[in-house]
There are 2 protein chains.
Amino acid sequence: MEVNNRYITITNHIQGSAKESDFELKVVPLRLSVEPGSSAVILKNLWVSIDPYQLNRMKRYSSSHKTVQPAVRITPGQPIDSPGVARVLVSDDPEFVKDDLVEGFVHWGEYTVVKGGMLRKLDPEIDLPLSYHAGVLGMSGLTAYAGLFEICKAKKGDKVFVSAACGSVGNLVGQYAKLSGCYVVGCAGSRDKVALLKEKLGFDDAFNYKEETDLNSALARYFPDGIDIYFDNVGGEMLEAAVANMNTCGRVAACGAIAEYSEGAKRAAPNMVDVIYKRIKIQGFLAIDHMSLHSDFLSTTTDYIHNGKIKVQEDISSGVESIPSAFIGLFRGDNIGKKIVKIADE
Amino acid sequence: MEVNNRYITITNHIQGSAKESDFELKVVPLRLSVEPGSSAVILKNLWVSIDPYQLNRMKRYSSSHKTVQPAVRITPGQPIDSPGVARVLVSDDPEFVKDDLVEGFVHWGEYTVVKGGMLRKLDPEIDLPLSYHAGVLGMSGLTAYAGLFEICKAKKGDKVFVSAACGSVGNLVGQYAKLSGCYVVGCAGSRDKVALLKEKLGFDDAFNYKEETDLNSALARYFPDGIDIYFDNVGGEMLEAAVANMNTCGRVAACGAIAEYSEGAKRAAPNMVDVIYKRIKIQGFLAIDHMSLHSDFLSTTTDYIHNGKIKVQEDISSGVESIPSAFIGLFRGDNIGKKIVKIADE
């Protein structure tokens with residue numbers, strides 16, 4: 001049997017910001033069969049995650065390309081792999097059989113052909129929407145969990161600041177931190193987001209960074225006793241202001257730098273005198289290094305969701321053709337919570 | 001008995017670079033007696049350490065002032081405390097008696113009156129020049145040791161870069177790293193210093209940063225396999241270049257930022273995309289947090305010196321009146337090795 005596989009690709013390497021014309025929808029025929037001995041799996045994609053880090057992969061050059069497999073450069077015309085949820089259609093891999101539901105790296109498209117890819121069978125005991133495995137129970141959730149608990153060693157009483165706090169990772173960092181007895185303030189880019197953080201997600205406070213003329217004094221106002229942990233999703237001036245307001249032995253989890261992804265963007269220049277005298281640790285990290293936390297993370301988070309202690313924030317678009325605008329929207333702050341695209345009915 | 005205590009102080013808080021007119025020699029009478037019950041100790045200073053960090057204390061404002069006691073702001077007219085070596089003249093502290101030799105915080109002057117200060121009796125078993133306790137066996141040595149082994153977890157095979165490598169801390173970092181089986185490259189500001197690093201101190205390589213037009217490609221040349229550890233004494237552009245050339249899981253010990261101490265200096269803006277994807281840790285630290293390493297440090301270092309494995313580099317001036325020029329010279333890179341001033345014969 002043969003289908004038409006519709007997928008999104010880039011037409012060229014991206015310079016500066018991403019725009020619609022950088023993307024195209026390709027349609028290529030795909031035979032739904034695998035060679036015996038190939039270990040290949042063909043997936044029907046159900047949900048795909050839309051993440052800012054993909055912009056680095058779309059550039060001609062980024063220092064990220066050389067580091068880990070999921071960060072390698074995307075070739076124009078080729079499918080774009082991305083965290084997602086899928087159903088197995090055909091499998092020559094003994095680990096998977098037809099109709100298995102899996103989580104892992106799929107394509108921004110309708111089908112994925114995987115050989116020895118990073119796939120994990122979903123636990124059928126987890127009685128939660130499938131889409132959660134592309135976000136809160138997937139890489140976004142593990143990123144928040146590892147960064148907060150492993151990199152920053154969050155503990156009761158810590159004063160925690162989160163940037164891009166309505167984003168896929170940020171909103172979970174804040175919720176985990178609150179559940180651990182921390183004081184939590186988030187920043188976001190609109191009044192609606194600020195209201196959501198304070199009224200629904202339980203943050204102690206939140207502010208709209210676009211309404212602040214001086215980030216340094218904004219943070220001094222929200223953290224009269226200083227910041228112990230800064231979970232950084234943005235880089236740039238916010239990182240500088242956070243370091244200036246940190247307490248002795250403060251910890252920065254460097255998770256994302258969305259303010260610095262566009263070419264020519266101003267890079268953070270945190271005051272090194274602060275870093276030295278306050279013995280601040282700034283630590284970059286990736287969730288994939290922390291798979292040893294995965295089962296803890298999954299059971300803790302599943303419990304929290306079942307008990308209503310974590311509110312899941314999803315921002316859903318539909319159809320493979322909506323991927324480019326969903327992605328571009330990330331950089332305008334359009335999304336509230338985890339941006340995912342529904343590719344097909346379950 | 002009364003003496004004239006001659007000491008160095010600042011005439012005003014310093015803006016920009018320090019110059020001779022920012023300092024004056026004060027002469028005040030001092031009675032060599034202590035009130036019973038006061039716990040006071042009067043010291044005759046023998047050797048005082050001259051360190052760049054004092055510039056931050058001389059400013060009207062520095063974020064360092066609020067962090068730890070040895071970093072508090074200096075008041076014009078008052079004595080300036082500093083690591084050093086001294087002999088006890090009079091003591092009401094039961095821990096010390098007349099003629100004890102001590103190491104700790106003394107003044108940039110001929111005498112120090114201390115109450116509950118940070119003093120430690122010298123171990124009479126250590127048969128090495130007294131001046132060493134103001135440098136290699138004092139705070140400079142512990143800083144190098146703690147930063148390299150505790151903060152950066154140096155191990156055999158690590159590729160280590162040290163800036164200000166002829167300085168009091170840098171030269172020891174390089175020597176410790178070589179003794180641990182690392183590949184070590186240092187940078188310094190003159191050809192003589194580069195020669196010293198390579199020919200006397202055993203560095204694998206060294207370069208004069210003033211002769212490099214592009215620090216990034218200089219480091220790429222000296223580290224074709226990347227940098228695992230950067231011991232940062234300077235901040236600024238060198239830190240940016242080191243981060244750009246770091247390997248996955250690289251570690252930066254943020255020890256000093258001499259390039260950023262002067263007002264208006266360009267601050268380091270390390271690429272956060274590198275920090276994240278290469279999972280780089282940038283960690284500020286101070287030796288005083290690592291006193292638990294002190295006895296290890298002292299016995300290891302003493303052994304290395306006795307066996308000729310560590311070459312001690314001292315740069316000595318004489319007399320209290322030479323302190324201002326010794327200090328100002330640090331920022332011109334005049335010193336080769338530990339800058340100390342001999343105040344009195346032992």
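Hi everyone, let's start with symmetry: in this predicted model, a rotation of 180° with 0.0 Å of shift along its axis lays chain A over chain B at an RMSD of 0.0 Å, with copies superposed by least squares on the C-alpha atoms of residues with pLDDT of at least 70 in both. That is the relation of a two-fold axis. In chain A, the C-alpha nearest the axis belongs to Ala269(A), at 2.0 Å. Both copies use the same surface, as 100% of the contact residues of chain A recur in chain B (contact means heavy atoms within 4.5 Å).

A quick word on conventions. Residues are numbered from 1 along each chain as its sequence is written, and chains are lettered from A in the order in which they are written. Local features need pLDDT of at least 70, and side-chain atom pairs count only at pLDDT 80 or more, while side-chain values use heavy atoms.

Now to chain B. Strand β8 (residues 159-162) runs parallel to strand β9 (residues 183-188), joined by four bridges; strands are DSSP runs of E, at least two residues, and helices are runs of H or I, at least four, and two strands pair if DSSP finds at least two bridges between them. Here Val160(B) partners Val184(B). Three bridges also join β8(B) to the parallel strand β11 (residues 227-232) of chain B, where Phe161(B) stands opposite Tyr230(B).

Finally, Asn208(A), which sits in strand β10 (residues 205-208) of chain A. Buried or exposed? Asn208(A) is buried, at 9% relative accessible area (buried means under 20%, exposed over 50%, with a 1.4 Å probe and protein chains only). Beyond four places in sequence, its contacts include Arg191(A) and Val194(A). Thanks, everyone!
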